[in-house]
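Here are a few notes to read alongside the structure. Take them in order, with the view open beside you.

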Amino acid sequence: MSRKDLVVGMAGAGGDGVVSAGELALNVAAQQGLFGMLVKSFGPQIRGGESSIRLRLSSEPVLSQGDELDVLIAFNWADYARFRSELVPNAQTIIFVDEQDKTPEKDIPLAEALKRAVRRIPFEQIAVEKAGTALAKNIVAVGVLAGALNLPTDGFVKAIGRRFAKKGEKVVASNVAALAAGAEVAAQYRRGDVRLVPAPSGPLMIVAGNDATGFGALAAGCRFIASYPITPQSEVMEYLNRELPKFGGTMVQGEDELASIAMAIGASYAGVKSMTASSGPGISLKQEAIGLASIAEIPLVVLNVQRVGPSTGIPTKTEQGDLLQGIFGTHGDASKVVVGTTDVEDCFWVTVDAFNIAEEYQTPVLVLSDQFVGHRTEIVRPFDLSKLTVRDRKKPTEEELAAVDHRHGFARFADTDDGISPMSIPGMPGGSYLNSGLEHDVVGAPLSGVAGHQKMTEKRWQKLDTVADRYRHLMVVAGARDADVGIMAWGACKGAVLEAVAALEASGVKARAVVPRLLWPFPVADVEAALKGLRAIHVVELSYSAQFHTFLKSQLSAEVAGRLVRHARAGGAPLGVNEVLAWVGSDGRRAAAD
Amino acid sequence: MAHQAVARLSIKDYKADLKPVWCPGCGDFGVAASVYQALAKLNLDPDNTVLVSGIGCSSRLPGYVNTYSFNTIHGRALPIATGVKLANPGLTVLVAGGDGDGFAIGTSHFVHTARRNIDITYVCMDNGIYGLTKGQVSPTSPHDLVTKTSSYGNIEAPMNPVLMALTCGATFIARAFSGDPKHSQEIIAAAITHRGFSFVHMVSPCVTYRGREQFDIVRERIRALAEGFDPSNRDQARAVAFEDTEQVISLGLIYREERATFEDGHDRARRKAQARGPFTYDDLLHSFIPDHEAVAARP
């Protein structure tokens, strides 16, 4: 049977060039019209240290990181051992290790049955012979991949030509020789069952999730970001630091998380679309100010690229543990909107939606991304910018402002049919008013009575009643209409869930995936409609305490909630397709372990 | 300060009709009066002026001034004002607050706002006590002061806001006394006119929790800066900053220098970024496509 995709794992020490080998392969694949996903993983060292990649290439758009490895390359077993739980080979995997590795067989970090299948390749020796430097061993490794997987080498030869062009013809030639030697030595292990057919769809783009988020913000009209560096968010502020000034915008690296969100609130209050971005520890610090944006009705986007928590947790690994904080965080009954990104392209479009919602509803919008989506790189079709819609906040007209009674100021929080009051911007003649984190009346004057607080709270909540209807495209429903097995997830678990649904269908089980991107206000009616007819609804997530399951039970009717089956684990690694299938069972009817 | 051309305005044009929550005799009434006078003196357009505050007695001020006013959260007035100014550098941006807001919960923002030299004016009303929460010790409370949270006398040394402003790089540093509204309004007007971060240390007694005699105590200590004092001289400013305010409270312009503002820096960055422009969203899209001809063609 011919495979449409392949998965490669590679691990090595700092300086082995594992990541650049992966990037080179991704680059060549994109130019040849293949789709792909590159997931990098690093040790805790600030610079250097062991690193690994998982690269999946396919004739079709890639949904997940892929479970089964076709090829595993370890430059040495000691560094590989750090990633053994992320790069697990099986009996079909072609396993290569550098001949120079002297690990005794008993210490090789592989299952006993696989140890005998290991192929020893002189990566470093070939690199030195052909290119005159051990640094070229990642080029040899790329050659080995091409040889073992029957990939045409011409694309790699061109890429090497571009990459080493500045170093002269000799360096180019020697690296091409290293590539060819790697391909030749691996040819004997060639797998004939893998055949990647390029998509005839024109140029493809290579984009990392965090860059897509930054691009989405900019395209949505964001012209101000203030943020504080934190893993795994920093790439977003770095992208906007580089790109925003080209479009007249401003990026500030705040002195801390508190200042960063405060600056973004100030900039939005003064009329500029604004955001702040962080991860768990920083988002915890921003909670008080999120409440200010809510009560002061200031459009604001707050990005949370989730990582393992609590506290410092595991900064470079993914988890879905911030869902309930996102929805219910900050003190008081704070109205807000929460959306989740499910893949790299979503980072762009969901961020655009987040800005549109923030502007239109004059509310903070939390975007929950995560390390897996933010840090991975995908080959995707170029985003169709002709579909870009940008919305702006409602502002008072000149006539409305001219009619303002200036003894009381502009009625910034005026009672309107839809609860959305026109927002004047400093500099607008006649629009001055008092805004406040204190509960306030229509002109912003502080109030402390029950009736007034009830009325203003209702205004801030009820204005969001139309979000679910107006942003219905934020729902992902895939699979059979007549399915009786459902799988629900949110965020980056979508990819594994969609593949699991396809696998179930391939084995004759009709299944359906339901993945809401709009998480708050929760689109109850749409979700319940999507869950109609399902006898078991498996809720899968990377949260030890099963936050999504808990949340769904609180939102769905008792009848629907009674069909939910809970499958949850702590984060640390992305959800795998096999994991979902094991949870759900071969007939899709398995009950939760608890 | 932005150029503003509006009809001649008077004090009442800046006075909002909200009734202050301050105690009778509070020093902050004098500050409010000075702010109205300073705004009228400069004839600032209320619709082009933003007054931001955090939390505390003094942070109620924006409610009483007819500008775009924003009473925010504890300690964050300076970064919120920074966002406002960067979003629209044409606005005149003022910040009002107190010693707890500025020198306890918001201290780090003071350090960095001063360092950046953003063109905003910060009037910090220092009463050496937490008044809104009814009488706890503050970071500027004198040593040994007995309060509800320093029952046996304040065991901490007080902070020195003027010295801190000097150390952090504020380009306009002055001290005024709310009991002297005429001098205060001159200082506030000069602070607003200064291009860069202006800090006004406003001694504003709390009659409720520090005692009615506070005004007299301050009056005994205040003195004008010596004849010939040169505010451009950092050493002279340092000498004033090191004075013990339990003995002597010098009033006036203590330090002033001209330095590029934060907004200038962002303007410069934008000009550099745009040198090869103009840019479109398609340019950004193409930058993700390996060897896209449109990207390669750009010099």
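How many helices and strands make up the secondary structure of chain B?

1. Let us begin with that count. Chain B comes to 12 helices and 10 strands. Please keep in mind throughout that this is a predicted model.

2. For a feel of chain B as a whole, picture a box of roughly 75 × 45 × 40 Å along the principal axes, which its C-alpha atoms fill. The chain has 299 residues, and buried residues make up 58% of them. Taking the contacts in chain B with a separation of 6 or more, 71% join residues 24 or more positions apart.

3. Staying in chain B, have a look at helix α3 (residues 77–87) and helix α5 (residues 107–116), whose axes come within 8 Å and cross at roughly 35°. On the α3(B) side the contact involves B:L78, B:P79 and B:T82, and these meet B:H109, B:F110 and B:T113 of α5(B). By class, this contact has 3 nonpolar and 3 polar residues, with no charged ones.

4. Now turn to chain A, where another helix pair is worth a visit. Helix α8 (residues 209–219) and helix α9 (residues 234–243) of chain A have axes that come within 8 Å and cross at roughly 45°. The two helices are therefore oblique to each other, and α8(A) passes α9(A) in a right-handed crossing.

5. Which residues of α8(A) and α9(A) meet? From α8(A) come A:N210, A:D211, A:T213, A:G214, A:F215, A:A217 and A:L218, while α9(A) brings A:E235, A:V236, A:Y239, A:L240 and A:E243. The residues of this contact divide into 6 nonpolar, 3 polar and 3 charged.

6. Next, the interior. In soluble globular proteins, nonpolar side chains tend to be buried together. Here the largest nonpolar core has 112 residues, and those with the most contacts inside it are A:F96, A:M275 and A:F383. Helix α13 (residues 344–361) of chain A gives the most to this core, with 11 residues. Another core, of 96 residues, lies apart from it and includes B:V93, B:I120, B:L225 and B:F229.

7. Finally, try centring the view on A:M275, one of the residues with the most contacts inside the largest core. Which residues is A:M275 in contact with, leaving aside its neighbours within four places in sequence? They are A:A217, A:C222, A:F224, A:I225, A:A226, A:L240, A:A264, A:L300, A:V301, A:L303 and A:F355. You have already met two of these names: A:A217 belongs to α8(A) and A:L240 to α9(A), both in the contact of that helix pair.

Notes
Residues are numbered from 1 along each chain as its sequence is written. Chains are lettered from A and ligands numbered from 1 in the order in which they are written. This is a predicted model: local features need pLDDT of at least 70, side-chain atom pairs count only at pLDDT 80 or more; totals for chains, interfaces and linings use all residues. Side-chain values use heavy atoms; hydrogens and water are left out. Axes are lines fitted to C-alpha atoms, for helices over the stretch in contact, and angles run from 0 to 180 degrees between N-to-C directions. Helices (H or I, at least four residues) and strands (E, at least two) are DSSP runs, numbered from the N terminus. Angles under 35 degrees count as roughly parallel, over 145 as roughly antiparallel, 65 to 115 as roughly perpendicular and the rest as oblique. A crossing is left-handed if the near helix is turned anticlockwise from the far one by less than a right angle, and right-handed if clockwise. Contact means heavy atoms within 4.5 Å. Ala, Val, Leu, Ile, Met, Phe, Trp, Tyr, Cys and Pro count as nonpolar, Asp, Glu, Lys and Arg as charged, and the others, Gly among them, as polar. A nonpolar core is a set of buried Ala, Val, Leu, Ile, Met, Phe, Trp, Tyr and Cys residues joined through side-chain atoms within 4.5 Å. Buried means under 20% relative accessible area, exposed over 50%, partly exposed in between (1.4 Å probe, protein chains only).
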